[in-house]
Amino acid sequence: MLTVPIINSPDFSVESIAKYQQLLEQKHFIYLETDAPNFNWIDFSKLVTGDELIPQYGKEIFQVQWEPELMEFSDARGKKPLLPHTEATDYQNPPKYLALWCQKPSGCGNGITTLAYVEGFLKTLTAEEKKKLMETRYEFSATRGVHSNRTKGATHTILSFSGDKPIFRFSCNYIKYGDYSPNPDNLKPFTPEPFLAEIADRFLEYYDQNHLAILMKQHSFLLWDNRCMAHSRTTYSDPTRKLERIFLG
Ligand SMILES: [Fe+2]
């Protein structure tokens, strides 16, 4: 059951920030609904995470809204559903946290952000599979599709740990189709790495049954730990939906 703190006037006191830090540590995400259009959600995110902004496509604040040329793609700026992923696996250092601010929710009741903590899925893996994910370094590089060459790529293991906390670097689209944002209705031939393709299919099945679904309201705020939570978004049909997104790390 998703419990949603509703805040009228967001509080930046030391006690309040410590409370949200605790919530983030326990649940790996924070979702707040506010009636404060001017809530300084960026400073709030920095204070709660203790991290600074990381640029995305050269900008610190990324506008999540329909782009005509991306409409048919499984992309944040398209209308097609996303597949579960952790963000920016092709960055040398993917963001530790992502935060979204909802300026204008979708009026169609869709465009739902979904999240799943990956630990439950990791428990379904055999010791051998886990070992392989922890020891094999894979190349994450957007060499095809609309995001080809958006970064120089990165080579890293899919799974590592920080203490008990898993760090999962995973993109179902990239693993299955070699493309971060394919058109799901016009998939190009691609031969995925068989072991990872099977893990991706099993992860999709797990995600389908174990995600949280959040339809963000106007002036709501969502922050999550990108290292241990995968995310996705359902399709939607309202072109006026508008979110803002930041990376922190
Ligand atoms: Fe994403």
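So, what covers the buried residues of helix α2? The cover includes helix α1, along with strands β5 (97-104), β12 (220-225) and β14 (242-248). Keep in mind, everyone, that we are looking at a predicted model.

Now to α2 itself, which runs over residues 41-49. Its buried residues are Trp41, Phe44, Ser45, Val48 and Thr49. Looking down the axis of α2, you find those buried residues within an arc of 115°, so they line one face of the helix. That fits the general rule: an α-helix has 3.6 residues a turn, so residues three or four places apart point the same way. Just past the end of α2, glycine 50 has a positive phi of about 75°.

One of the elements in that cover is α1, so let me check its length, citing the helix at residues 14-27. With 14 residues at 1.5 Å a residue, α1 should span 20 Å, and its end C-alpha atoms are indeed 20 Å apart, which agrees. Just after α1 comes histidine 28, with a positive phi of about 70°.

Next in the chain is strand β2, residues 29-34, and this one is mostly covered, with five of its six residues buried. Strand β2 pairs with β12 in the antiparallel sense, over five bridges. If you want a residue to click on, take tyrosine 31, whose bridge partner in β12 is leucine 222.

Leucine 222 brings us nicely to the core. The largest nonpolar core has 53 residues, and the members that touch the most others are Ala99, Leu222, Leu223 and Met229. Which strand gives the most to this core? That is β5, with six residues.

Leucine 223 is a good place to see several of these pieces together. Setting aside neighbours within four places in sequence, leucine 223 is in contact with Leu24, Phe29, Ile30, Ser45, Val48, Tyr97 and Ala99. Ser45 and Val48, you will recall, are among the buried residues of α2.

Let's move over to the open sheet of three strands, in the order β11-β6-β13, with antiparallel pairing. The edges are β11 (212-214) and β13 (229-233), each pairing on one side only. On average, neighbouring strands here are turned by 25° against each other, ignoring direction. As general background, strands of a sheet pair through backbone hydrogen bonds, either parallel or antiparallel.

Strand β6 covers residues 113-117 and pairs with β11 over three antiparallel bridges. Along that pairing, leucine 115 stands opposite leucine 212, and threonine 113 stands opposite isoleucine 214. On the other side, β6 and β13 are joined over five bridges, again antiparallel, and threonine 114 has serine 232 in β13 as its bridge partner. Four of the five residues of β6 are buried, so this strand is largely enclosed by the rest of the structure.

I'd like to finish on one residue of β6, threonine 113. Is threonine 113 buried or exposed? It has 22 C-beta neighbours inside 10 Å, and the cut-off for buried is 20 or more, so threonine 113 counts as buried. Beyond its neighbours within four places in sequence, threonine 113 is in contact with Leu100, Ile214, Met216, Leu222, His231 and Arg233. Leu222 is the core member that we met as the bridge partner of tyrosine 31. And for a sense of distance, threonine 113 and tryptophan 66 are 47 residues apart in sequence and 15 Å apart in space, C-alpha to C-alpha.

Terms used:
Residues numbered from 1 in each chain as written. Predicted model: local features only at pLDDT ≥ 70, side-chain atom pairs only at ≥ 80, totals over all residues. Pairing = 2+ DSSP bridges. Helix = DSSP H or I, 4+ residues; strand = E, 2+ residues; numbered from the N terminus. Axes fitted to C-alpha atoms, helices over the stretch in contact; angles between N-to-C directions. Expected span 1.5 Å × (residues − 1). Buried ≥ 20, exposed ≤ 12 C-beta atoms within 10 Å, placed from the backbone. Arc of directions from axis to C-beta. Contact = placed C-beta atoms within 7 Å. Core = buried A, V, L, I, M, F, W, Y, C linked by C-beta atoms within 7 Å.
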